[in-house]
Amino acid sequence: MKSAVHAVLIALYAVLAVLFPSVIADDNQEYRSTLRTHSLFPPYLDQDVQSRWWDFGGDTVINANKHVRLTYDRPSQTGWLFSRLPLTASNFEIEFEFKVSGSGQNIFGDGMAVWITKERAQSGPVFGFVDKFEGLGIFIDTYKNNRPGTMFPYVMAMLGDGKTEYDHDHDGKANEIGGCSARGLRGASIPTKGRITYYKDNYLELQLQYKNEDQWITCFNVPHVTLPTVSYLGFTALTGELSDNHDIISVKAQNIYTPTVANPQQAPVNAGVPKANQGSGWGMFLLKLVFIGAVCGSLYVAWTMYAKQRRRSSRF
Ligand SMILES: [Ca+2]
């Protein structure tokens, strides 16, 4: 009898662990919450034809049902889209859906970029943004200027110090901290996505989805990266003689809380943080204990009633 109850409890614990991992898991695990301030979804604009959290400019055009188009498939365009507020989270994940497409069969360009930089909301020569930037630039480069032996499109990251110029003549090679070829990214038949994961002072990773849905390919993982404390999230694109449509379809930013940022002074402040996600320590532990106790108790009562019923019915 006792061993049967024990078995039921173990099974129950296993089921709960699957259904409610955050309730069962220990306090060492990380918690995530959506950063509304740095996320963007259709229809992009509110009733006043404005965006609360984002600014856009240059040649950028918003189609409320489809995308934020940074450049049309026309020559000499630059467009930008930038968060209004700085990204203050210590650790975060940014997943963005984008699209590079156009009528060019063999030659097209120049490409687009994702920025986490001190500067914001300007047009310039580096994939539509200013040169000598401070912070991170991730370039989705579709036109090969001069980089022998490298297949294009090429995706790469540069950490700018505010002084160093982008190595335009060699497609950024001089300042590359990580990168990968992504053949098939332009005009892919599935939604193309990027996912940036950043753990302050720890690592920066970029994964890409462009071959198959839900197949994420790690483009680079660079250790010991530290981004400027105050930096904005942005997307830009540029066309020259060659062109393409460069679109942003959605952005989903998440704050990652790890046990090491439990210090409230370090924890980033954001309107979109649910209180429950911040719980840790004894309060959370007790809550879990009460929850598990309640579920186990009610299951035990149900089980004994069922056993009693069975014994009764087996007499007849
Ligand atoms: Ca290039």
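The following paragraphs walk through this predicted model, from its confidence to its core, its strands and its calcium site.

It is sensible to begin with how far the model can be trusted. The mean pLDDT of the protein is 85, and 76% of its residues reach 70 or more. Two stretches call for caution: over residues 21-25 the pLDDT is below 50, with 11 contacts in the model beyond near neighbours in sequence, and over residues 261-280 the pLDDT is likewise below 50, with 31 such contacts. Where pLDDT is low, the predicted coordinates should not be read in detail.

Turning to the interior, the largest nonpolar core has 44 residues, and those with the most contacts inside it are Ile94, Ile138, Val155, Phe235, Ile248 and Val251. Strand S6, which covers residues 91-101, supplies the largest share of this core, namely 5 residues. Apart from this core lies another, made of 16 residues, including Ala113, Phe129, Tyr154 and Met158. Leaving aside residues up to four places away in sequence, isoleucine 94 touches a set of residues that includes Leu87, Ile116, Ile196, Leu233 and Val251.

Strand S6 deserves a longer look, and the reader may ask how many of its residues are buried. Of the 11 residues in S6, 9 are buried, so that the strand is mostly covered. S6 pairs with strand S11, residues 192-199, in the antiparallel sense over 8 bridges, and here asparagine 91 stands opposite tyrosine 199. S6 also pairs with strand S15, residues 245-257, again in the antiparallel sense, over 10 bridges; in this pairing the bridge partner of glutamate 97 is serine 250.

Not every buried residue is nonpolar or part of a strand. Glutamine 77 lies in the loop between strand S4 (67-71) and strand S5 (78-83), yet glutamine 77 counts as buried because its relative accessibility is 9%, and the limit for buried is under 20%. Beyond residues up to four places away in sequence, glutamine 77 touches Asp59, Thr71, Tyr72, Ala237, Leu238 and Thr239.

Finally, which protein atoms are the donors of the calcium ion? They belong to Asp141, which is listed twice through OD, to Tyr143 through O, to Asn145 through OD1 and to Asp171 through OD, and they lie 2.3 to 2.6 Å from the ion. Along the chain, these donors follow the spacing D-x1-Y-x1-N-x25-D. Aspartate 141 counts as buried because its relative accessibility is 4%, whereas asparagine 145, at 34%, counts as partly exposed.

Definitions and conventions
Residues numbered from 1 in each chain as written. Predicted model: local features only at pLDDT ≥ 70, side-chain atom pairs only at ≥ 80, totals over all residues. Heavy atoms only, no water. Core = buried A, V, L, I, M, F, W, Y, C linked by side-chain atoms within 4.5 Å. Buried < 20%, exposed > 50% of the residue type's maximum accessible area, 1.4 Å probe, protein only. Helix = DSSP H or I, 4+ residues; strand = E, 2+ residues; numbered from the N terminus. Contact = heavy atoms within 4.5 Å. pLDDT = per-residue confidence, 0-100. Pairing = 2+ DSSP bridges. Donors = N, O, S within 2.8 Å, 3.2 Å for Na, K, Ca; no water.
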